[in-house]
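User: Hi! Could you walk me through how the labels in this model follow from their definitions?

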Amino acid sequence: TGDDSSPCTVTVCPASSDVCQLRLDFDTFSIDDPSTQDSSASSATAKFNARGTCQDAQFYATSDTGVSPIICGTNTGYHMIIEAMDDCNELSFNWITDSTRTWDIKITHLPCNVPWRVPDGCMQYFTGVTGTVYSYNYASSQMLNNQQYSNCIRQEEGYCAIAYSHATNAFQISGDTAYFGSDCSTDYVMIPRGASSSAEAVANYDRFCGAALTTSGTTASTVYTKFVPFQIGVYTNGNEAQSEPSAGFAIYYAQQTTCS
């Protein structure tokens, strides 16, 4: 793909009138990483604050609900769910450099009227009692700017809560220490009613950011929630300071049968 001219756009039309969603599986996805500075900015501060922006290469898809998040870097093994458009969706790669780009995307047409349809608003969708949710470009260790989407996890039969945790250094969202609640205002993940246990009476928070996932202090700890549907929302702005550790996240989830 590196010899093709930019942009490279593919039009995908629903296979039938009963198709409501498209699943894009990135079997291979490797394009330019996000920039570490903005070459068009006039000041050194503005250049550094553009870290995490997809400037040299971009991928996005049109959808019935608008345009997907713009992503770049390495996203092999990740996926996207987009709403199918009656007048067809467009998948677009754009680039301004001569570096090598490779991609291989499996496209699945998902029917409207099936019990396993992906809930509306889910950019990534996970099934199973356990698994790991990655931020886009986590493999290249840089959180992307200007992201706003939801990762959804299907509630499995017999499970009433979910626990989220991560390995050492596998959660870095704009900060060198752990933050939660109102201290997370620009870049964060949202876990509705996240708490230190699944008991009703404990304090709970929705926003988590910084260097660890926790509901108390600065040391990483497991976050539980009984709020359904199970979701991890992702929100980042376009102003990433150079000094902020922001590799993104790899959050492990495990659904729970004990909820008191």
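Analyst: Happily! Let's begin with one cysteine: Cys 152 counts as buried, at 3% relative accessibility. Please note that this is a predicted model, in which local features need pLDDT of at least 70, side-chain atom pairs count only at pLDDT 80 or more, and totals for chains, interfaces and linings use all residues. Residues are numbered from 1 along each chain as its sequence is written, and side-chain values use heavy atoms, with hydrogens and water left out.

User: What makes Cys 152 count as buried?

Analyst: Buried means under 20% relative accessible area, exposed means over 50%, and partly exposed is in between, with a 1.4 Å probe and protein chains only. Cys 152 has 3%, so the label buried applies.

User: How do you know that Cys 122 and Cys 152 are joined by a disulfide?

Analyst: A disulfide is a pair of cysteine sulfur atoms within 2.5 Å. For Cys 122 and Cys 152 the S to S distance is 2.1 Å, so the pair qualifies. Cys 122 sits in the loop between S7 and S8, and Cys 152 in strand S10 (residues 148–153), 30 residues apart. Strands here are DSSP runs of E, at least two residues, and helices are runs of H or I, at least four residues, numbered from the N terminus. The link is left-handed, with -90° about the S-S bond, and Cys 122 is buried at 4%.

User: Why is the link of Cys 160 and Cys 259 called right-handed?

Analyst: The torsion about its S-S bond is about 100°, so this disulfide is right-handed. The sulfur atoms of Cys 160 and Cys 259 are 1.6 Å apart. Cys 160 is partly exposed, at 28%, whereas Cys 259 is buried, at 17%.

User: What does the disulfide of Cys 20 and Cys 112 tie together?

Analyst: Cys 20 lies in strand S2 (residues 19–30) and Cys 112 in the loop between strand S7 (102–111) and strand S8 (124–126), so the pair ties together parts that are 92 residues apart in sequence. Their sulfur atoms are 1.9 Å apart.

User: How many disulfides are there by this rule, and where does Cys 8 stand?

Analyst: The count comes to six. Cys 8 is in no disulfide, and the nearest cysteine sulfur, that of Cys 13, is 16 Å away.

User: And why do S1 and S4 stand at the edges?

Analyst: The open sheet has the order S1-S6-S3-S4, with antiparallel pairing. Strands S1 (8–12) and S4 (66–67) each have a single partner strand, so one side of each is left without a neighbour in the sheet. Two strands pair if DSSP finds at least two bridges between them; S3 and S6 are joined by five, so they count as paired.
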